[in-house]
Protein chains: 2
Amino acid sequence: MNKEDIKEAGLKITKPRMRILNILESSAQKHFSAEELFHILSNEEDNSGIGLATIYRVLTQFEAAGLVIRHNFEGGQAVFELDSGEHHDHIVDMKSGKIIEFQDEIIEKRQEEIAKQHGYRLIDHCFILYAEPLED
Amino acid sequence: MNKEDIKEAGLKITKPRMRILNILESSAQKHFSAEELFHILSNEEDNSGIGLATIYRVLTQFEAAGLVIRHNFEGGQAVFELDSGEHHDHIVDMKSGKIIEFQDEIIEKRQEEIAKQHGYRLIDHCFILYAEPLED
DNA sequence: CTCAGTGCAAACTATTTGCAGATTT
DNA sequence: AAATCTGCAAATAGTTTGCACTGAG
């Protein structure tokens, strides 16, 4: 339950934090920019006037707490998704903007090898495929 | 020769463009941010007062012409490198900030397969390993 | 001579921060 | 009540743009 997640992060349970976590958890869409969240929240009936700055602050706190992951896809705005614990990478559909997730053992294994070959220990990686549908 | 490259891009041969291309071509370092180039140019004896805006403009034109590649590594500033024609990916040394280039057939092949599996044609990709030296 | 290119300052976009008042515990 | 949190506006960082002037061809 999301209340627990917030509490475990050492954060107080507030309306903005609940709302944001809720949207992230219960939407078909999984990736949101701060501004998208802002617009969704602004259009809710129970509009509580949550500011954009707060959304950024909450997302940054959630990121630090390991609740969400921030991605810097191209196109200016960062997008955030819930950290499901299952690592995956992304295909960005350049036609529709849709984001597809995938997991690939070959890539995961290979990147470790590459890092090691060069005398490094992998900390993080960024693997994004920008692509267009085969039948245009 | 770089004059040719500039001309072929349909651009006039100007001091800022020559200087920038020169630095990119003849430095040990291969990756530069706009600001780094700005500082290098500002410190040259023959300081011709090249503005930061010009550097951004020139780099953007060079990118459009296929002369340079722009990378958005994490840490705010974009970095630019000459497009040698040989595709490669990068390891970013989080300790020193150094950038290591590598080529890997397994990764290249695999990403094509992944895109195809999902019904996509690969347009571009971003593969960056953030890592630290093994012996800290 | 003409049109592209440049420097500068101002504009912009995405994000962060300071502060005084509102909320959570 | 104490401490955290929030909204707002102002600040920042990186990059882009408008404009009058300069310079390449």
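Two strands count as paired here if DSSP finds at least two bridges between them. With that in hand, here are the close-ups of this predicted model.

**View 1. A three-stranded open sheet in chain B.** The strands line up in the order β1-β3-β2 (chain B), and the pairing is antiparallel. On the edges sit β1 (32–33) and β2 (68–71) of chain B, each pairing on one side only. Look at the β1(B) side of the sheet: two bridges join β1(B) to β3 (residues 79–82) of chain B, again antiparallel. One residue pair to pick out is B:Phe32 and its bridge partner in β3(B), B:Phe80.

**View 2. Chain A on its own.** Chain A has five helices and six strands. Walk along the sequence and you meet them as α-α-β-α-α-β-β-β-β-α-β. Taken along the principal axes, the C-alpha atoms of chain A fill a box of roughly 50 × 40 × 25 Å.

**View 3. A salt bridge within chain A.** A:Lys30 forms a salt bridge with A:Glu101, with the closest N and O atoms 3.8 Å apart. This pair ties together distant parts of the chain: A:Lys30 belongs to the loop between α2 (15–26) and β1 (32–33) of chain A, while A:Glu101 is in strand β5 of chain A, 71 residues apart. Over all chains, the salt-bridge count comes to twelve.

**View 4. Where chain A meets chain B.** Each chain brings a set of residues to the contact: 34 from chain A and 34 from chain B. Between them, chain A and chain B bury about 3,200 Å², with 67% of that on carbon and sulfur atoms. On the chain A side, A:Tyr120, A:Arg121 and A:Leu134 lose the most area to chain B, together 22% of what that side buries.

**View 5. Polar links across the interface, and what chain A puts there.** Four salt bridges are counted between chain A and chain B. One to zoom in on is B:Arg121 with A:Glu132, where the closest N and O atoms are 3.0 Å apart. There are also 16 residue pairs in polar contact between the two chains, counting those with both residues at pLDDT 80 or more. The elements of chain A that give two or more residues to the side touching chain B are β4 (89–93), β5 (99–102), α5 (105–117) and β6 (120–133). The largest share, 14 residues, comes from β6(A). Sort the residues on this side of chain A by type and you get 19 nonpolar, four polar and eleven charged.

**View 6. Strand β6 of chain A against strand β6 of chain B.** β6(A) and β6 (residues 120–133) of chain B pair in the antiparallel sense over 13 bridges. Which residue of β6(B) does A:Phe127 stand opposite? The partner is B:Phe127.

**View 7. Down to the symmetry.** A turn of 180 degrees and a shift of 0.0 Å along the axis lay chain A on chain B with an RMSD of 0.0 Å. The two copies are therefore related as by a two-fold rotation axis. Within chain A, the C-alpha nearest that axis is the one of A:Phe127, 2.2 Å from it. Both copies use the same surface, with 100% of the contact residues of chain A recurring in chain B.

How values were computed
Residues are numbered from 1 along each chain as its sequence is written. Chains are lettered from A and ligands numbered from 1 in the order in which they are written. This is a predicted model: local features need pLDDT of at least 70, side-chain atom pairs count only at pLDDT 80 or more; totals for chains, interfaces and linings use all residues. Side-chain values use heavy atoms; hydrogens and water are left out. Contact means heavy atoms within 4.5 Å. Buried area is the accessible area (1.4 Å probe) that two parts lose on being put together, summed over both. A salt bridge is a side-chain nitrogen of Lys or Arg within 4 Å of a carboxyl oxygen of Asp or Glu. A polar contact is a pair of N or O atoms within 3.5 Å; within protein, one must be able to donate a hydrogen and the other to accept it, and residues adjacent in sequence count only if both atoms are side-chain atoms. Helices (H or I, at least four residues) and strands (E, at least two) are DSSP runs, numbered from the N terminus. Ala, Val, Leu, Ile, Met, Phe, Trp, Tyr, Cys and Pro count as nonpolar, Asp, Glu, Lys and Arg as charged, and the others, Gly among them, as polar. Copies are superposed by least squares on the C-alpha atoms of residues with pLDDT of at least 70 in both.
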